[in-house]
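Student: Could you walk me through this structure, starting with how its chains meet?
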Amino acid sequence: MTEHGGPSDAEVVARVLGGDVEAFGIIIRRYEPGLSRFAARMLGDRDAAADAVAEGLVRAYRHLAGCREPERLRTWLYRIVANRCKSHLARRSLADVALDDAPPIADGADTEARYERTEQLALLEGALARLPDEKREAFVLKHVEGLSYEEMSAVTGERIPTLKMRVHRAREALLAALKERV
Amino acid sequence: MMDPRVQQVLDGELPVTALPPELADEVARLEGAAALLAVAPAADARLEARVMAAIRRRAPGPVLRVLQWLSAPRSVTLRFRPVWSLAVVAVFAAVALFPADEPGPVLAADEGVAQFVARFPGARSVDVAGSFNDWRAGEVHLRDDDHDGVWRAAVVLPAGEHEYMFIVDGERWVADPLAGRYVADGFGRENSLIFVRPLAP
Amino acid sequence: MKSALVLALVGLPLAAQQGARGRIEGRVPAPAVAPVDSIIRVAAAAGLPTEPLVQKALEGGAKKVDAARIVAAVADQAGELAAARALLRRTAPEQPISPAELIAVTNALVRGLAPERVEQIATALPGEPTGPAVHAVADMVGHGFDEDSSVALIVAAARSGVRGLRLLDVATAAVQEVQRGLTRDSALAKVNGELPNVPLPPQPPRATVARARRPAHALPPVVARGRDDRSQ
């Protein structure tokens, strides 16, 4: 069950709960990249995303005993970080471009391709930022984080048909944005 | 309105071969977009250190450990909620989220933090200069630690209105594309305007 | 002209006379120093804030602009400050004008706000600093709202108790409603209907604040205070 090698999530959780605090580092290293990417896409700002993920992970540690199904640790962590993102979003608004706006988080490819990809990324991130929070969340969980609708339901607490509808609307909006740029 | 078959393909309910070429193109574009968005940002090494510092400050003592062991999911007969001890952890964790070696600046009541962010792929350096530092180029540097072309700086400034511009590679003066407010600089270009507010307590 | 200048110099605080020249020397082309210094002295004698003029000269020097253009830009800036002050005095003769407010109104006019709109705002808000209000209106106009509706919303916000830079948040709220899909009329009605409640501006993330540093050559404290003394 360990696609990443090493001890299973349930084993690591048991070790942490047994008093091995340092074992929590395994969980961080295993899931931080995905959680950070998810938070960055939700918040459009890397610093805010780092805050949300750090807060979420500390919270996860504190409430680790309440993680009923350690084998589903991943969705449980996404749920906590998703809630931290919602709190951050409630405190601010995405459309304020003056200070806090998200510059695109570009990839490491180089030369012209890099510029083209960065431009495309900027376009996509702009379109993503304009989506209502719940549609952005659904799209990112589905297509960026690769969760199944069942897992998304566990993360968000929403019903699968609702999530499907949100993903569909988000796809339409993003496709429209892509088509606008010829 | 998108053709429902495109949604079905993307939801894995229909093979892409069932689509006419123009709809298959829509699927490809959306999958390409998702792949682009899925490129992970560079790992933040400080994040693990930050979280572990917060956690180690309050490593559970023997009592809490026993309670946690008792309340762990594998114990199906006992559901014990050590609410009081978790509350204690919560207070300390909140304080410790920023390790003591990174205290940050102490701000005066009439100071705030301005965030400067700009995308200059391929730039060797990006500075910001403005009415807040006598327009000295080469003093406030933006950083692009992960070399993704996005440059950032956080600067403590007096609350109020400031004009500024970015200086790319030490010579090219560029208005901030994200500023949203611009004012003619009298030299044929436009400065960006920023309003800094006192940081809320 | 010469006698006017002499008279002006007599009435000028010594510190202001010496400070400006010292700050621009070595940072602007040498031929610009004396003319810029003269403009600054005259402006100071006329009671105009000199900091924007010093800044304009330093900006020109940093941008490697030639001496003649620097002198012209400083002179223009002095003229714009004087015009803005005349406008404010015409509308509200009794009201003191802080440097921060004058700079704000000057910049709003340079941003393209019509002088009549500044008058309209100053008249509608007697006793209030107009700086944040005029920028808020300029923000809205810059996002496609018509001038009348923009002035009406910002004046309504100020009358409902929204003050200082929070007026910018009113403009931002209206712009965001449009970005979320409302028509401009609906956005105006919605934001107006919720006054004096306006969404708070975003706070910088704590990680960012922890990283923030002061520039080595921050504004002198007096100037920093002057900039903010009426804006909150």
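Tutor: Two residues are taken to be in contact when their C-beta atoms, placed from the backbone, lie within 7 Å. Please keep in mind that this is a predicted model.

Student: OK, so how many residues of chain C are in contact with chain B?

Tutor: On the side of chain C there are 43 residues, and they are in contact with 36 residues of chain B. The elements of chain C that give two or more residues to this side are α4 (51–62), α5 (67–91), α6 (99–110), α12 (206–211) and α13 (221–228).

Student: Which of them gives the most?

Tutor: That is α4(C), with six residues on the side of chain C that touches chain B. Sorted by class, this side of chain C has 20 nonpolar, nine polar and 14 charged residues.

Student: Let's stay with α4(C) then. Which of its residues are buried?

Tutor: The buried residues of α4(C) are C:E51, C:P52, C:L53, C:V54, C:Q55, C:K56, C:A57, C:L58, C:E59, C:G60, C:G61 and C:A62. Twelve of the twelve residues are buried, so α4(C) is largely enclosed by the rest of the structure.

Student: And what about its length, what should it span?

Tutor: At 1.5 Å a residue, the twelve residues of α4(C) should span 16 Å, and the end C-alpha atoms are 16 Å apart, which agrees. Just after this helix, C:K64 takes a positive phi of about 60 degrees.

Student: C:E59 caught my eye, as a charged residue on that list. Why does it count as buried?

Tutor: C:E59, which has its place in helix α4 of chain C, counts as buried because it has 30 C-beta neighbours inside 10 Å, where 20 or more are required.

Student: What does C:E59 touch?

Tutor: Not counting residues up to four places away in sequence, C:E59 touches B:W135 and B:D185. Within its own chain, the C-alpha atoms of C:E59 and C:R27 are separated by 9.1 Å, although these two residues are 32 residues apart along the chain.

Student: Switching topic: what is chain C made of overall?

Tutor: Chain C has 13 helices and zero strands, and buried residues make up 47% of its 232 residues. Of the contacts in chain C with a separation of 6 or more, 68% are accounted for by residues 24 or more positions apart.

Student: How about α7(C), which of its residues are buried?

Tutor: In helix α7 (residues 115–124) of chain C, the buried residues are C:R117, C:V118, C:Q120, C:I121 and C:A122. What covers the buried residues of α7(C) includes α5, α6, α8 (131–142) and α9 (147–159) of chain C.

Student: Where is the largest nonpolar core, and which residues touch the most other members?

Tutor: The largest nonpolar core has 98 residues, and C:V36, C:V137, C:I154, C:V170 and C:A174 touch the most other members. Helix α3 (residues 30–45) of chain C supplies the largest share of this core, with nine residues. Apart from it lies another core, of 64 residues, among them A:V12, A:A40, A:L57 and A:M152.

Student: Going back to C:A174, what is it in contact with?

Tutor: Leaving aside its neighbours within four places in sequence, C:A174 is in contact with C:M140, C:F145, C:L153, C:A187, C:L188 and C:V191.

Student: We haven't talked about chain A. What secondary structure does it have?

Tutor: Chain A comes to eight helices and zero strands, and 51% of its 182 residues count as buried. For contacts in chain A between residues at least 6 apart in sequence, 63% join residues at least 24 apart.

Student: And chain B, what's in there?

Tutor: Chain B has five helices and eight strands; from the N terminus on, its elements run α-α-α-α-α-β-β-β-β-β-β-β-β. Of the 201 residues of chain B, 37% count as buried.

Student: Last one: at what angle do α8(A) and α2(B) cross?

Tutor: The axes of helix α8 (residues 160–180) of chain A and helix α2 (residues 21–37) of chain B cross at roughly 95 degrees and come within 10 Å. The two helices α8(A) and α2(B) are therefore roughly perpendicular to each other.

Student: Which residues meet there?

Tutor: From α8(A), A:R171, A:L174, A:L175 and A:L178 meet B:E26, B:R29, B:L30 and B:A33 in α2(B). By class, this contact of α8(A) with α2(B) has five nonpolar, no polar and three charged residues.

Conventions
Residues are numbered from 1 along each chain as its sequence is written. Chains are lettered from A and ligands numbered from 1 in the order in which they are written. This is a predicted model: local features need pLDDT of at least 70, side-chain atom pairs count only at pLDDT 80 or more; totals for chains, interfaces and linings use all residues. Helices (H or I, at least four residues) and strands (E, at least two) are DSSP runs, numbered from the N terminus. Ala, Val, Leu, Ile, Met, Phe, Trp, Tyr, Cys and Pro count as nonpolar, Asp, Glu, Lys and Arg as charged, and the others, Gly among them, as polar. A nonpolar core is a set of buried Ala, Val, Leu, Ile, Met, Phe, Trp, Tyr and Cys residues joined through C-beta atoms within 7 Å. Axes are lines fitted to C-alpha atoms, for helices over the stretch in contact, and angles run from 0 to 180 degrees between N-to-C directions. Angles under 35 degrees count as roughly parallel, over 145 as roughly antiparallel, 65 to 115 as roughly perpendicular and the rest as oblique. The expected span of a helix is 1.5 Å times one less than its number of residues.
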